[in-house]
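Please look through the sequence and the model with the report below at hand. Each section takes up one topic and can be followed residue by residue.

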Amino acid sequence: MDISKPCFFVGIGGSGMMPLAMILHARGVTVAGSDRALDQGRVPAKFDDLRAKGIALFAQDGSGITSPDQRIVASAAIEDSVADIVAADALGCTRATRADMLAALFNASTLPIGVAGTSGKSTVTGMIGWILHDLRKRPTVMNGAVMKNFVSPDAPFASALVGTGDAFVSEVDESDGSIAQYMPTIAVLNNVSLDHKSLDELKTLFSDFTAKARTAIVNIDNIDAAALAAALPPARVTTFALDRAADLRATDLIERPFGVDFTLHASDTPPFAVTLAVPGRHNVSNALAAIGAVVAAGISVRDAARSIAGFTGLRRRMELVGEAAGVAVIDDFGHNPDKIAATLDTLHAFPGRLRVLFQPHGYGPLKVMRAELVAMFADKLADDDLLVLPDPVYQGGTVAREVTSADIVADVVAAGRDARHVADRAAAAALVVAEAAPGDRIIVMGARDDTLSALAADMVAALAGRV
């Protein structure tokens with residue numbers, strides 16, 4: 001694929017689209033785009049940042065599609081009836097998916113490092129990127145989340161980093177099957193669990209992905225991932241775990257509210273202490289994955305561990321938004337059973353009730369994950385916790401509403417937990433604030449909706465107004 005061709009991104013504000021657009025633009029490609037959220041006035045700061053970088057933005061009405069020489073890059077959420085797509089088809093523009101473009105860049109790089117798995121991809125990608133950057137390897141990093149280490153006044157939405165070194169680090173997506181397009185030299189597999197596809201489909205996708213790599217870094221605490229690792233030649237696998245013997249293992253975990261310490265055991269190296277500035281057992285596992293990846297890229301395990309101590313995390317990953325009236329408000333990307341469970345476990349390691357507002361990221365995922373989601377909430381919520389679900393995020397288009405938030409709430413209540421359905425999100429947030437008392441933690445959870453961060457900030461303000 002000729003990646004120098006001018007590109008028009010339809011849905012340029014998406015979490016996977018924006019960093020790709022920024023990388024292409026930084027490499028000299030002419031980039032423009034449109035977005036439904038731009039037309040609706042949502043998250044204007046994001047689009048201001050794109051404009052400041054010299055990326056032209058248009059209303060999603062076809063006006064930005066002016067030449068057959070433009071390549072149209074469309075996000076998965078874009079339907080053929082959208083005016084930009086209609087205009088592009090009329091002009092005969094070349095079409096490409098986000099994955100087509102990203103895979104072309106990734107596969108053409110000297111050292112492609114792909115991060116896969118149902119949970120933890122963005123964090124591991126950020127960790128690998130930070131270690132390589134800190135050690136002056138000048139990586140290019142494509143992430144689906146803003147990496148705090150790289151945020152600056154000139155880069156307020158730093159979900160991409162453009163470097164001149166060999167490494168191209170990217171999370172790769174299994175939800176649409178596009179993981180099959182990537183040819184990694186180093187492949188990371190965090191875990192295999194339900195999200196968008198059946199477990200059988202996921203196992204096939206992840207097995208094929210790891211089989212392509214010179215080195216696969218695999219979490220053998222996860223049963224299905226361990227089975228995939230066992231099928232690979234041992235010389236091409238680095239295993240990591242917290243609860244089992246592995247090439248990289250963490251023991252003696254000491255959790256802090258916003259950090260964790262552990263002892264790292266690695267082959268041919270005496271055990272030594274590691275400190276993380278991000279919390280939870282799940283982030284220890286993420287750190288092992290990142291360390292394994294950079295060691296496979298030629299970094300010493302001690303250098304990797306020293307650098308990872310400076311990793312400050314991602315936005316919307318257990319991010320403390322503020323405190324008021326004795327209540328902390330935390331913004332989190334948790335949206336599938338594993339991610340939500342990891343956050344709840346981390347928070348339950350410390351005193352205080354939880355008031356959880358979870359906005360599902362679509363009706364389709366609710367249908368796929370219904371049983372697992374309900375079982376997780378029944379297991380992970382404490383007796384005095386509260387779960388409130390508004391209706392799923394919906395940003396236009398046609399969708400089958402076979403399983404709803406009300407269905408999930410009814411199932412969770414039947415399992416003995418305190419859960420409530422409030423269809424309107426603002427009303428749901430107001431209920432959570434009203435139910436919060438000093439010492440509680442409010443957690444705003446969900447994906448595919450950048451305005452959740454603004455909602456969390458509004459909840460801090462509402463709590464402050466009670467004082």
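## Helix α3 and its two sides

In this predicted model, helix α3 spans residues 44-52, and within the helix K46, F47, D49 and L50 are buried. When the helix is viewed down its axis, these buried residues fall within an arc of 150°, so they line one face of α3. The face that is turned away from this buried side carries P44 and A52, which are exposed.

What, then, covers the buried residues of α3? The cover includes helix α1, helix α2 (36-40) and strand β3. After α3 comes G54, a residue whose phi is positive, near 95°.

## Strand β4 and its partners

Strand β4 covers residues 71-74, and its side chains are divided between two directions: R71 and V73 point one way, while I72 and A74 point the other way. This fits a general pattern, since in a regular strand the side chains alternate between the two faces of the sheet. In β4, the residues on both sides are buried, R71 and V73 as well as I72 and A74.

Which strands pair with β4, and in what sense? Strand β1 (residues 7-10) pairs with β4 in the parallel sense over four bridges, and strand β5 (residues 94-97) also runs parallel to β4 and is joined to β4 by four bridges. V73 can serve as a point of reference here, for F9 stands opposite V73, and V73 in turn stands opposite A96 in β5.

## The loop residue Q70

Q70 is found in the loop between β3 (56-58) and β4. Is Q70 buried or exposed? Its relative accessible area is 11%, and because this value is under 20%, Q70 counts as buried.

The side chain of Q70 has polar atoms placed close to the backbone of other residues: one lies 3.1 Å from the backbone oxygen of G64, and a polar atom of the same side chain lies 2.8 Å from the backbone nitrogen of T66. If its neighbours within four places in sequence are left aside, Q70 is in contact with K5, P6, F8, G64, I65, C93 and T94.

## Two nonpolar cores

The largest nonpolar core of the model has 53 residues, and those with the most contacts inside this core are F9, I12 and L24. Helix α1 (residues 17-26) supplies the largest share of the core, namely seven residues. A second core, separate from this one, has 47 residues and includes I113, I128, A145 and F311.

F9, which was named above as standing opposite V73, shows what such contacts look like for a single residue. Leaving aside its neighbours within four places in sequence, F9 is in contact with M17, L20, A21, L24, V31, A32, G33, S34 and V73.

## Salt bridges within a helix and across the chain

Side chains of opposite charge can pair when their charged atoms come close. A search of the whole structure finds 20 salt bridges, and one of them joins the side chains of R306 and D303, with 2.3 Å from N to O. Both R306 and D303 lie in helix α10 (residues 301-308), where they are three residues apart, about one turn of the helix. R306 counts as exposed, at 57% relative accessibility, whereas D303 is partly exposed, with a relative accessible area of 29%.

Other salt bridges link distant parts of the chain, and D440 takes part in two of those described here. R353 forms a salt bridge with D440, in which the closest N and O atoms are 2.8 Å apart. R353 is in the loop between α11 (337-348) and β18 (354-359), and D440 is in the loop between α14 (425-435) and β21 (441-446), so that this pair, 87 residues apart, links distant parts of the chain. R353 is partly exposed at 26% relative accessibility, while D440 is buried, with a relative accessible area of 4%.

The side chains of R355 and D440 also meet in a salt bridge, at 3.7 Å from N to O. Here R355 lies in strand β18, and the two residues are 85 residues apart. Both R355 and D440 are buried. Elsewhere, D80, D89 and R95 are linked in a network of salt bridges.

Note on methods: Residues numbered from 1 in each chain as written. Predicted model: local features only at pLDDT ≥ 70, side-chain atom pairs only at ≥ 80, totals over all residues. Heavy atoms only, no water. Buried < 20%, exposed > 50% of the residue type's maximum accessible area, 1.4 Å probe, protein only. Pairing = 2+ DSSP bridges. Salt bridge = Lys/Arg side-chain N within 4 Å of Asp/Glu carboxyl O. Core = buried A, V, L, I, M, F, W, Y, C linked by side-chain atoms within 4.5 Å. Contact = heavy atoms within 4.5 Å. Polar contact = N/O pair within 3.5 Å; in protein donor to acceptor, adjacent residues only side chain to side chain. Arc of directions from axis to C-beta.
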